[in-house]
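Colleague: Would you take me closely through one part of this model, and then show me what else is worth a look? I'd like to see who pairs with whom.

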Amino acid sequence: MHELAITESVVAAVTERLPEAKVTLVRLEIGALTGVVADSVRFCFDLVTEGTNLEGASLEIVEPAASCRCRSCGAVFEPDWPILMCSCGSADVAVESGADLRILSVKVA
Ligand SMILES: [Zn+2]
């Protein structure tokens, strides 16, 4: 399960940096183009945090919409994941947002 591995790496990143802190909240950004299912991450979070200093922490997930710009006609559009194709027929597009998966902030007690 893709989301389990992602959740594990998020939790590992937080415990590595804040090994002594009691973490109460983690805010994550999961862009629409990452293909990661936020609900699955929420589900995995409780399992993965068990026995760590993140146990019982809340998880907030921000899901920015995807945005692409077509290099052929210049149109900016919201792609229909996983197909990044402009309505003009070009697949030569630049992803402007929605491709990031990152920790936005962590709150400690
Ligand atoms: Zn286009």
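Modeller: Happy to: L25 has S58 as its bridge partner in β2. The model is predicted, so local features need pLDDT of at least 70 and side-chain atom pairs count only at pLDDT 80 or more, while totals for chains, interfaces and linings use all residues. Residues are numbered from 1 along each chain as its sequence is written, and side-chain values use heavy atoms, with hydrogens and water left out.

The strand to follow is β1, residues 23-30. Strands here are DSSP runs of E with at least two residues, numbered from the N terminus. On one side, β1 runs parallel to β2 (residues 58-62), and five bridges join them. On the other, seven bridges link β1 to β6 (residues 101-108), this time in an antiparallel arrangement. Two strands count as paired if DSSP finds at least two bridges between them.

Two residue pairs help you trace the β1 and β6 contact. V23 faces V108 in β6, and E29 has R102 as its bridge partner in that strand. Put together, the strands form an open sheet of three in the order β2-β1-β6, and the pairing is mixed. β2 and β6 are the edge strands, each pairing on one side only.

How enclosed is β1? Six of its eight residues are buried, so the strand is largely enclosed by the rest of the structure. Buried means under 20% relative accessible area, exposed means over 50%, and partly exposed lies in between (1.4 Å probe, protein chains only).

E29 is a good residue to pause on. It belongs to strand β1, and its relative accessibility of 11% is why it counts as buried. E29 and S105 are 76 residues apart in sequence, but 9.5 Å apart in space, C-alpha to C-alpha.

Now move over to the second sheet. This one is also open, with three strands in the order β4-β3-β5 and antiparallel pairing. β4 (76-77) and β5 (93-97) are its edges; each has a single partner strand, so one side of each is left without a neighbour in the sheet. Strand β3 covers residues 67-70 and runs antiparallel to β4, with two bridges between them. Within that pair, R69 sits opposite V76 of β4.

Finally, have a look at the zinc ion. Its protein donors are the SG atoms of C70, C73, C86 and C88, which lie 2.3 to 2.4 Å from the metal. Donors are N, O and S atoms within 2.8 Å of the metal (3.2 Å for Na, K and Ca), and since water is not among the atoms, sites may look incomplete. Along the chain, the zinc donors are spaced as C-x2-C-x12-C-x1-C.

The arrangement around the zinc ion is tetrahedral because the four donor atoms subtend angles of 105 to 117°; four donors earn that label if all angles lie between 85 and 135 degrees. Ideal angles for four tetrahedral donors are 109.5 degrees. Two of the donor residues are worth checking for exposure: C86 is buried, with a relative accessible area of 5%, whereas C88 is partly exposed at 44% relative accessibility.

Note on methods
Tetrahedral: all angles 85-135°; square planar, octahedral: opposite > 155°, others 65-115°. Helix = DSSP H or I, 4+ residues; strand = E, 2+ residues; numbered from the N terminus.
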